[in-house]
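Here is a set of exercises to work through with the coordinates open beside you. Try each task before reading its solution.

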Amino acid sequence: MDQTWKKCSICKKDIPYDSKYYECSVSTCTGKRTGLVFCSVACWDVHVPGARHRPDAGAISMTAPSRRQVEYEMKMAEDKAAAKTPETRRVAIRPETNREDVETDVLVVVSKVKKYIKDKADMNTAGAVMDALTEHVIAICDRAIENAREDGRKTVLERDVPNPYR
Ligand SMILES: [Zn+2]
Ligand SMILES: [Zn+2]
């Protein structure tokens with residue numbers, strides 16, 4: 001059975017499931033489209049000169065998902081792709097800032113999320129967290145749209161927004 005989750009973006013060494021690896025703290029390096037992963041801090045160092053990061057960029061120690069988790073997520077993505085109509089992906093984004101590490105299709109305010117986590121727990125936030133949060137925002141908006149549509153309304157109201165945390 002193949003135990004390789006991904007290969008190191010620099011040295012191409014295998015990164016097995018459930019093992020330690022490193023991500024870049026800059027979201028454009030870890031976003032869905034680029035998705036750089038590193039087997040070691042030494043390999044992370046190698047990508048820095050070309051990436052023109054600010055001096056506070058760093059390598060973040062991560063744990064690769066288990067094989068079962070990856071298979072589950074792949075199945076979920078397939079189900080979602082089959083169910084999705086093209087219009088749900090066309091979301092207009094207001095450009096929040098011009099900072100280089102902000103991806104245009106992120107639907108959360110990156111600086112505010114990072115500040116909240118920093119203030120609350122004194123923790124740093126990996127760039128890819130914004131992609132994960134954006135998936136939640138999109139899923140919740142889609143649900144709210146459905147609820148408003150079922151009511152025959154053209155306006156999404158607060159009560160249309162599902163909140164599983166209450
Ligand atoms: Zn490597
Ligand atoms: Zn980077």
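The structure is a predicted model, and pLDDT is the predictor's confidence in each residue, on a scale from 0 to 100.

**Exercise 1. Confidence**

Task: Find where in the chain confidence is lowest and where it is highest among the helices and strands.

Solution:
- Start with the whole chain, where the pLDDT averages 84 and 87% of the residues score at least 70.
- Next, compare the elements: helix 3 has the lowest confidence, with a mean of 84, and strand 2 (residues 14–16) the highest, at 95.
- Then look at residues 96–103, where the pLDDT is below 50. Beyond near neighbours in sequence, this stretch makes 12 contacts in the model.

**Exercise 2. The overall layout**

Task: Work out the order of helices and strands along the sequence, and state what share of the residues is buried.

Solution:
- Count the elements: the chain has five helices and four strands.
- Put them in sequence order, and the pattern reads β-β-β-α-α-β-α-α-α.
- Turn to burial: 12% of the 166 residues count as buried.
- Finish with the contacts. Of those between residues at least 6 apart in sequence, 57% join residues at least 24 apart.

**Exercise 3. The core and strand 3**

Task: Identify which element gives the most residues to the largest nonpolar core, and decide whether strand 3 is enclosed or open.

Solution:
- List the core. It has 12 residues: Ile 15, Tyr 21, Tyr 22, Cys 24, Val 26, Cys 29, Leu 36, Val 37, Phe 38, Cys 39, Cys 43 and Trp 44.
- Assign them to elements: strand 3 (20–24) and helix 2 (41–51) each supply at least two residues of this core. Strand 3 gives the most, with three.
- Check the burial of strand 3. Four of its five residues are buried, so strand 3 is largely enclosed by the rest of the structure.
- Find its partner: strand 3 pairs with strand 4 (residues 59–63) in the antiparallel sense, over five bridges. Within strand 4, Thr 63 stands opposite Lys 20.
- Look at one core member, Phe 38. Leaving aside neighbours within four places in sequence, Phe 38 is in contact with Cys 8, Ser 9, Ile 10, Tyr 21, Tyr 22, Cys 43, Trp 44 and Ala 59.

**Exercise 4. Two helices compared with expectation**

Task: For helix 3 and helix 4, check the end-to-end span against 1.5 Å a residue, then examine burial.

Solution:
- Take helix 3 (residues 67–83): its 17 residues reach 25 Å from first C-alpha to last, close to the expected 24 Å.
- Count its buried residues: the number is zero, and helix 3 is hardly covered.
- Take helix 4 (residues 110–121): its 12 residues should span 16 Å, and its end C-alpha atoms are 16 Å apart, which agrees.
- Count again: one residue of helix 4 is buried, so this helix lies largely in the open.

**Exercise 5. Positive phi angles**

Task: Describe the setting of Arg 52 and Asp 122, each with a positive phi although not a glycine.

Solution:
- Recall the background: most residues other than glycine have a negative phi.
- Consider Arg 52, with a phi of about 50°. Arg 52 sits in the loop between helix 2 and strand 4. It counts as exposed because it has 9 C-beta neighbours inside 10 Å, where the limit for exposed is 12 or fewer.
- Consider Asp 122, with a phi of about 55°. Asp 122 comes just after helix 4, in the loop between helix 4 and helix 5. With 7 C-beta neighbours inside 10 Å, Asp 122 is also exposed.

**Exercise 6. Residues outside the elements**

Task: Classify Gln 3 and Val 156 by exposure, and name what each touches beyond four places in sequence.

Solution:
- Locate Gln 3 in the segment before strand 1 (4–7). Gln 3 has 11 C-beta neighbours inside 10 Å and so counts as exposed.
- Trace its contacts: Gln 3 touches Pro 16 and Tyr 17. Its C-alpha is 8.8 Å from that of Asp 14, 11 residues away along the chain.
- Locate Val 156 in the segment after helix 5 (128–150). With 16 other C-beta atoms within 10 Å, Val 156 is partly exposed.
- Trace its contacts: Val 156 touches Ala 144, Ile 145 and Ala 148. The C-alpha atoms of Val 156 and Glu 146, 10 residues apart along the chain, are separated by 9.1 Å.

How values were computed: Residues numbered from 1 in each chain as written. Chains lettered and ligands numbered in written order. Predicted model: local features only at pLDDT ≥ 70, side-chain atom pairs only at ≥ 80, totals over all residues. Buried ≥ 20, exposed ≤ 12 C-beta atoms within 10 Å, placed from the backbone. Contact = placed C-beta atoms within 7 Å. Expected span 1.5 Å × (residues − 1). Core = buried A, V, L, I, M, F, W, Y, C linked by C-beta atoms within 7 Å. Pairing = 2+ DSSP bridges.
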